[in-house]
Amino acid sequence: MINSVLGIVFHAVGGFAAGSFYLPIKKIKKWSWESGWLVNGFFAWLIIPWLVSVLTVPETITILSKTEFSTLFWTYFFGVLWGIGGLTFGMTMRYLGMSLGMALALGLTATFGTLIPPIYEGKFNDLVNTTSGQIVLSGISICLIGIVICGRAGILKDKELPTEEKQKGVKEFNLKKGIIVAIFAGVLSACFAFGIVAGSSISELAIEYNAPLLWQNGPVFIVILAGGFTSNFIWCFFLNIKNKSFKDYHNTSTPLKINYLFAAIAGTTWYCQFMFYGMGTTQMSEHDFASWTLHMAFIIIFSTMWGLITKEWKGVSKKIIWILSIGLIVLIASTVIIGIGNQLASPK
């Protein structure tokens, strides 16, 4: 049974996971960035996706073996592009912090990832001509406005705080580098949504093999994330060579057990975002394309919350906090509107 409210709850949990995964990475000590990111990636893009899919869809290997090569290729290809976006996404957090970085990168990701799939599938006109579709599109527009407002608050924060204060929350703060990386990350990160569309026949095959509706996307994620792991592995391996940081993985002068533990927690938390995202899409009726916007909105809401808790916004004026609060309220309102539109489209 389709339940849009349940779908929104799943997206909220996924957004919380995505908005929280970078916290454990910040706990990794005396390792280069690439070492921590790669170990995190082994869990996020390989180990946990396979584990979850095999446990929830026992026929995962059979399903993938029976999938056409072209489907696997394009799903994997979009995963590679998304992986590049995800790689630079991590750098966005590095240079801008969780709140400003998330708002800038996810604004572009939400726009491209939400609107291009229905346009590609020829469904956009249907959305414009139905009441439920119009409401969902309105909710998406409001969500993008909320993202812009949150981004504006982050930019005002940058202008207001001295460099020393900004670097208390973000040690490598660099606005120019951060904006360039955020734009790159935002566009390419939308390729995850394209990968899901390209791999739709995989999830359909999973249903044929009696996969539960909630878990039908597990095998699709395996292929997309394999592509993501490929691009991230190549870049991190290159940096390991360039920076001579291979020693990180076995250097006993660093807290090895703690670093591996936090990298594993980060990777597992990271995968949970798409596990719940996949569950949420199964509950969003014919407007499941809006899932991407909901996912982005909740990530910004929770990452901003963590930004406040970790004092990235400490010292800013009340005016900026008010702007940030308005942005978050607008984002929350957009999720309600999208939910109403989906509920109208749900079969009775």
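In which helix is the place of I25? I25 belongs to helix 2, which covers residues 22–25. The structure shown above is a predicted model, and this residue offers a convenient point of entry. I25 has a relative accessible area of 10%, so it counts as buried, the limit for that term being under 20%. Its C-alpha is 8.0 Å from that of N40, although the two residues are 15 positions apart in sequence.

The next stop is helix 3, which spans residues 33–56. E34 is found in this helix. With a relative accessibility of 4%, E34 is counted as buried because the value is under 20%. Which side chains make polar contacts with the side chain of E34? One is the side chain of N243, at 2.9 Å. Another is the side chain of S245, at 2.8 Å.

Helix 4 comprises residues 60–65, and T60 is part of it. Is T60 buried or exposed? Its relative accessibility is 1%, and therefore T60 counts as buried. T60 also illustrates how sequence and space can be compared. Between T60 and L205 there is a separation of 145 residues along the sequence, while their C-alpha atoms lie 9.9 Å apart in space.

The interior of the model may now be considered. The largest nonpolar core contains 57 residues, and the members that touch the most other members are W37, F192 and W270. Helix 14, which runs from residue 256 to residue 281, provides the largest share of this core, namely 10 residues. There is also a second, separate core of 24 residues, whose members include A153, A297, W313 and I323.

F192 appears again in helix 11, where it is one of the buried residues. This helix covers residues 191–198 and is mostly covered, since six of its eight residues are buried. Those buried residues are C191, F192, A193, F194, G195 and I196.

Helix 15 gives another example of an enclosed element. It extends over residues 291–309, and its 19 residues reach 27 Å from the first C-alpha to the last. This span is close to the 27 Å expected at 1.5 Å a residue. Why can helix 15 be described as largely enclosed by the rest of the structure? The reason is that 15 of its 19 residues are buried. Just after helix 15, K311 adopts a positive phi of about 70°.

The surface presents another aspect of the model. Which residues form a nonpolar patch on the surface? The patch is made of F42, I47, F233, I234, F237, I241 and F246, which together have about 610 Å² of accessible area. Helix 3 and helix 13, the latter covering residues 218–243, each supply at least two residues of the patch. The greatest contribution comes from helix 13, with four residues. F233 lies in helix 13. At 31% relative accessibility, F233 counts as partly exposed, because this value falls between the 20% limit for buried residues and the 50% limit for exposed ones.

Two loops that border helix 13 complete the description. N210 is located in the loop between helix 12, residues 200–208, and helix 13. Although N210 is not a glycine, its phi is positive, at about 65°. N210 has a relative accessible area of 70% and is therefore exposed, the limit for that term being over 50%.

K244 occupies the loop between helix 13 and helix 14. Its phi is likewise positive, at about 55°, and K244 is not a glycine. Because its relative accessible area is 66%, K244 is classed as exposed.

Conventions. Residues are numbered from 1 along each chain as its sequence is written. This is a predicted model: local features need pLDDT of at least 70, side-chain atom pairs count only at pLDDT 80 or more; totals for chains, interfaces and linings use all residues. Side-chain values use heavy atoms; hydrogens and water are left out. A nonpolar core is a set of buried Ala, Val, Leu, Ile, Met, Phe, Trp, Tyr and Cys residues joined through side-chain atoms within 4.5 Å. Buried means under 20% relative accessible area, exposed over 50%, partly exposed in between (1.4 Å probe, protein chains only). Patches are made of residues with over 30% relative accessible area and no salt bridge: like charges are joined within 9 Å, nonpolar side chains (Val, Leu, Ile, Met, Phe, Trp, Tyr) within 5 Å. Accessible areas come from the Shrake-Rupley method with a 1.4 Å probe; for residues, only the protein chains shown count as cover. A salt bridge is a side-chain nitrogen of Lys or Arg within 4 Å of a carboxyl oxygen of Asp or Glu. The expected span of a helix is 1.5 Å times one less than its number of residues. A polar contact is a pair of N or O atoms within 3.5 Å; within protein, one must be able to donate a hydrogen and the other to accept it, and residues adjacent in sequence count only if both atoms are side-chain atoms.
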